[in-house]
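Please open the viewer, set the display to a simple cartoon, and keep the sequence panel in view beside it. The tour below goes from the whole chain to single residues, one selection at a time.

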Amino acid sequence: MDSVVKVFCVHTKPNFLLPWQRKRVKLKKRGSDTKYLATVLAIGTECDIAMLTVDDVEFWQGMSPVEFGDLPTLQDAVTVVGYPIGGDTISVTSGVVSRIEILSYVHGSTELLGLQIDAAINSGNSGGPTFNGL
């Protein structure tokens, strides 16, 4: 869970005179007060996800890569991790997979595979990762 970071992102209006200048995202590691500048590598608007990177090598110290595992099945234990709105510390809840189906996703007007879990998801925590049985 040490690889789960808090993302600070501020929406800014586009500058049509200087379109190449964008505000950068900032990331903060758990237990640290330092905010690191991040660069957006890719955006998946259809599923509300982005791939970010940080150039500062200090950021990567003590980080372990998270690997994608197999898709959980019904009744598999899962752990949901994230930073709820207004919180500065990590939130961890556990539950089981109670439904797997194709769902309409409003961000991209598309249908994607969705899993329903019975863990309590705190407001703002819904974008955090879900881990198989931690």
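How much area does the protein chain expose, and what percentage of it do carbon and sulfur atoms supply? The model in front of you is predicted, and in this model the protein chain exposes about 9800 Å², of which carbon and sulfur atoms supply 54%.

**The whole chain**

Colour the cartoon by secondary structure, and you should be able to pick out one helix and eight strands, which follow one another along the sequence in the pattern β-β-β-β-α-β-β-β-β. Of the 134 residues in the protein chain, 22% are buried. Among the contacts with a separation of 6 or more, 46% are between residues 24 or more positions apart.

**The largest nonpolar core**

Now select Val25, Leu27, Tyr36, Ala38, Val54, Phe59 and Met63 and show their side chains, since these seven residues make up the largest nonpolar core. Strands S2 and S3 are the elements that give two or more residues to this core. In soluble globular proteins, nonpolar side chains tend to be buried together.

Centre the view on Phe59 next, and look past its neighbours within four places in sequence: Phe59 is then in contact with Val5, Leu27, Lys29, Tyr36 and Val54. A second, separate core has five residues, and you can find it by selecting some of its members, including Val4, Tyr83, Ile90 and Phe131.

**The salt bridges**

Side chains of opposite charge can pair when their charged atoms come close. How many salt bridges does a search of the whole structure find? The search finds four, and the next selections show several of them.

Begin with Asp2 and Arg30, which form a salt bridge whose closest N and O atoms are 2.7 Å apart. This pair links distant parts of the chain, with Asp2 in the segment before strand S1 (6–8) and Arg30 in the loop between strand S2 (25–28) and strand S3 (35–44), 28 residues apart. Asp2 counts as partly exposed because its relative accessibility is 44%, and Arg30, with a relative accessible area of 42%, is partly exposed as well.

Move on to Asp88 and Lys6, whose side chains meet in a salt bridge at 3.3 Å, N to O. Here too distant parts of the chain are linked, as Asp88 lies in the loop between strand S5 (77–82) and strand S6 (91–105), while Lys6 belongs to strand S1, 82 residues apart. Is Lys6 buried or exposed? Lys6 counts as buried, because its relative accessibility of 15% falls under the 20% cut-off, whereas Asp88 is partly exposed, with a relative accessible area of 45%.

Then select Arg99 and Glu101, whose side chains meet in another salt bridge, at 3.3 Å from N to O. Arg99 is partly exposed at a relative accessible area of 42%, and Glu101 is partly exposed at 31%. Before leaving this topic, add Lys28 to your selection of Lys6 and Asp88, for salt bridges that share partners join these three residues into one network.

**A nonpolar patch on the surface**

Finally, switch to a surface display and select Leu71, Leu74, Ile100, Ile102, Leu113 and Leu115, which make a nonpolar surface patch of about 530 Å². The elements that give two or more residues to the nonpolar patch are S6 and strand S7 (110–117). End the tour on Ile100, which is found in strand S6 and is partly exposed, with a relative accessible area of 31%.

Conventions: Residues are numbered from 1 along each chain as its sequence is written. This is a predicted model: local features need pLDDT of at least 70, side-chain atom pairs count only at pLDDT 80 or more; totals for chains, interfaces and linings use all residues. Side-chain values use heavy atoms; hydrogens and water are left out. Helices (H or I, at least four residues) and strands (E, at least two) are DSSP runs, numbered from the N terminus. Buried means under 20% relative accessible area, exposed over 50%, partly exposed in between (1.4 Å probe, protein chains only). Contact means heavy atoms within 4.5 Å. Accessible areas come from the Shrake-Rupley method with a 1.4 Å probe; for residues, only the protein chains shown count as cover. A nonpolar core is a set of buried Ala, Val, Leu, Ile, Met, Phe, Trp, Tyr and Cys residues joined through side-chain atoms within 4.5 Å. Patches are made of residues with over 30% relative accessible area and no salt bridge: like charges are joined within 9 Å, nonpolar side chains (Val, Leu, Ile, Met, Phe, Trp, Tyr) within 5 Å.
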